[in-house]
Amino acid sequence: MLRSRHIGEMVARPRSPAGAVIPRFYAGRQVLITGATGFMGKVLVERLLSTCPDIGHLHLLLRPKKGVPPEKRLQMLKQSQVFDVIRQNRPEQLDKLRMVAGDIAEPGLGLAPSVLHQLREVSVVFHSAATLKFDEPLPMAVRQNVLSAIRVMELCDQLPHVEVFMHVSTAYSNSELSHVEERVYAPPTELQQLLSLLEVVPPALLPNITAQYISPKTNTYTFTKAMAEEAVRIHGNQRYPIGIFRPTIVVSSLRNPFPGWIENLNGPSGIIAAAGKGLLHVFSVKESARADMLPVDIAIDTLIAASWETAIEKSRDVRVYNCSTYENPTTWGQFENALRFNIREFPMDGVLWYPSGTGVENRYTQKVLEFTLQTLPLHAAEYVMRLFGIKRQLSLITACQKMRAMNEVLSFFALHEWRFSTDNVKKLRARLTPDDRAIYNLDPNTIQWDDLYRDFVIGTRKYILKEKDQDLDEAKRHLRRMYFLHKGAMVFAVLLAFRLVLQNRYMRDFVYGALRLLMYIVSTTYSRVTAHV
């Protein structure tokens, strides 16, 4: 059975100790957050409410989505599992959440004039909303990742009490470099030139020139993230200080709100879910490469502390914080081994095949194995199920296409490695009081990777796939059945291949000749051994 400390643990959180400086900084302050409904955004909201009991209102920029109005989305957000501990201990904290109807992709953020009055007392602004799609068309990527940052800063310029603006970027905004320092690098193009290009070039022509235009960036995501940092640098610390926060690959939580909390299928969590269900059998990876996976709560705790430091330091320059686990590294090979072990210890419900995935570094080998072990079997299984009228919520062909796309995205990280300088984060960590350190974990050395990987698999099973702990025993029994089926299929495949080989006369003569030679060597060796006894 799952140990109770891992998932869903409810621990009472006392009021902040008297020596904790950061909660005192946020006390009474009103905060504006974009991207609050995203994975990191939810943890940011939860950590602010749970660690800063006296914080003022949190204003969340929300847009209508799939026919759901912002008011309804706020209610849905409050019901998220991420707030389970708060609901149990201090439910009144959730009353501090305020909805701001708007859209980062719209001019002026799509805000009504009356909103400025609502936001008048805001003093801390976190901008984390962005598109995470690597293949997003350039115009949309610019609107959501570059223009959004410009528009949020323009809004901050109109708010009289803003004390700090924190822009959430990514550690891979300069992924063409092997060593990334904590500074804003020269952009691949001038910001105004980029904006002018989108105005004058016909949309139909943009896809043809995008790859060359964004070079040396590898995709529109890293390109627009780098351009957003340039926009932040150009704006500079005019009336309020600005900081840029760069996390690496954000994964499930280490401790808060509880170990293993995860909500999306981006990156490693997608691999866990697909491999655990017996769908994914091969993916691109360099086993010796450093896997800079960062628990979401360490990322958010660092972001909260960095905002405090940026506000009180009032630096003239835009300060950059690289948030990385470079001090306490793990590798993709270790992730693969831990994944293989834990998805069998904590199997998913109703796996379609025995989990037997493996990582491959060579791209051509990966493509051949992907076609043989995934594409063909999944397409065949889908057609057989259609023939017998068996319906599934997700088509196996669609799942195959999604896994192929996921592999394309993740291979960018899993086949390369980077060195991230983290001097600013280390200095920030050193200046925290003991009471602040007890609340906010900024230290990647606290990560025990085996524990994190186990909780990551358990969290994926529980929070993403919504599978229950009480069904684990049945899942293990089903997995054993799949194991024997898997081994039987392997034996059948070997015998079938052997039978097909023997149908060719030349191959048959070769195989029989090899067997006769082997028998001769064994017989001769045995005779010599017995002769000397």
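**Reading a sheet, its rings and its annotated spans**

Tutor: Let's begin with the overall count: the chain's secondary structure amounts to 19 helices and 13 strands. Keep in mind that we are looking at a predicted model.

Student: Fine. What does the C-alpha trace span along its principal axes, and how much of the chain is buried?

Tutor: The trace spans about 95 × 55 × 55 Å along those axes. Of the 533 residues in the chain, 51% are buried. Contacts are another thing to look at: among those with a separation of 6 or more, 83% are between residues 24 or more positions apart.

Student: Now the sheet. How do I read its strand order?

Tutor: The general idea comes first: strands in a sheet pair through backbone hydrogen bonds, in either a parallel or an antiparallel way. In this model, seven strands make an open sheet in the order 3-2-1-4-5-7-11, and the pairing is parallel. At the edges you find strand 3 (97-101) and strand 11 (319-323), each of which pairs on one side only. On average, neighbouring strands of this sheet are turned by 20 degrees against each other, ignoring direction.

Student: Which helix lies across strand 2 and strand 3?

Tutor: That's helix 3, residues 70-78. Helix 3 lies across strand 2 (58-62) and strand 3, and runs at about 150 degrees to strand 3.

Student: Let's zoom in on strand 7. How many bridges does strand 7 make with strand 5, and how many with strand 11?

Tutor: Strand 5 (residues 164-168) and strand 7 (residues 242-247) are parallel and share four bridges. On that side, F165 is opposite I242. Strand 7 and strand 11 also run parallel, joined by five bridges. There, F245 has Y321 as its bridge partner, while I244 stands opposite V320.

Student: And which way do the residues of strand 7 point?

Tutor: Follow the alternation along the strand. I242, I244 and R246 point one way, G243, F245 and P247 point the other way, and all of them are buried. That fits the tally for strand 7, with six of its six residues buried. Strand 11 is mostly covered too: four of its five residues are buried.

Student: On to the rings. How many aromatic pairs are there in the whole structure, and how do I classify one?

Tutor: A search of the whole structure gives 18 aromatic pairs. To classify one, look at the angle between the ring planes: over 60 degrees counts as edge-to-face. Take Y172 and F413: their ring centres are 4.7 Å apart and their planes are at 75 degrees, so this pair is edge-to-face.

Student: Where do Y172 and F413 lie?

Tutor: Y172 is in the loop between strand 5 and strand 6 (179-180), and F413 is in helix 14 (residues 396-414), so the pair ties together parts 241 residues apart in sequence. Both Y172 and F413 are buried. For another case, try W332 and F335: with centres 5.8 Å apart and planes at 90 degrees, that pair is edge-to-face as well, because of the plane angle. W332 and F335 both sit in helix 12 (residues 332-345), three residues apart, which is about one turn of the helix. Both of these residues are buried.

Student: Which residues form an aromatic cluster?

Tutor: One cluster is formed by F134, Y172, Y221, F412, F413, W418 and F420. So you meet Y172 and F413 again in that group.

Student: What lies over the face of F25?

Tutor: R29 does, at 4.2 Å from the ring centre.

Student: Last topic: which residues do the UniProt domain annotations cover?

Tutor: Treat them as record entries, both from an unreviewed entry. UniProt lists residues 33-301 for "domain: Thioester reductase (TE)". In the model, that span is 38% helix and 15% strand, with its end C-alpha atoms 15 Å apart. The UniProt annotation "domain: Fatty acyl-CoA reductase C-terminal" covers residues 374-467. For residues 374-467, the content is 68% helix and 2% strand, and the end C-alpha atoms lie 24 Å apart.

Methods. Residues numbered from 1 in each chain as written. Predicted model: local features only at pLDDT ≥ 70, side-chain atom pairs only at ≥ 80, totals over all residues. Heavy atoms only, no water. Pairing = 2+ DSSP bridges. Axes fitted to C-alpha atoms, helices over the stretch in contact; angles between N-to-C directions. Contact = heavy atoms within 4.5 Å. Phe/Tyr/Trp six-rings, centres within 6.5 Å; stacked < 30°, edge-to-face > 60°. Buried < 20%, exposed > 50% of the residue type's maximum accessible area, 1.4 Å probe, protein only. Lys NZ or Arg CZ within 6 Å of the ring centre and 35° of its normal. UniProt positions renumbered as here; feature names shortened; annotations may be inferred.
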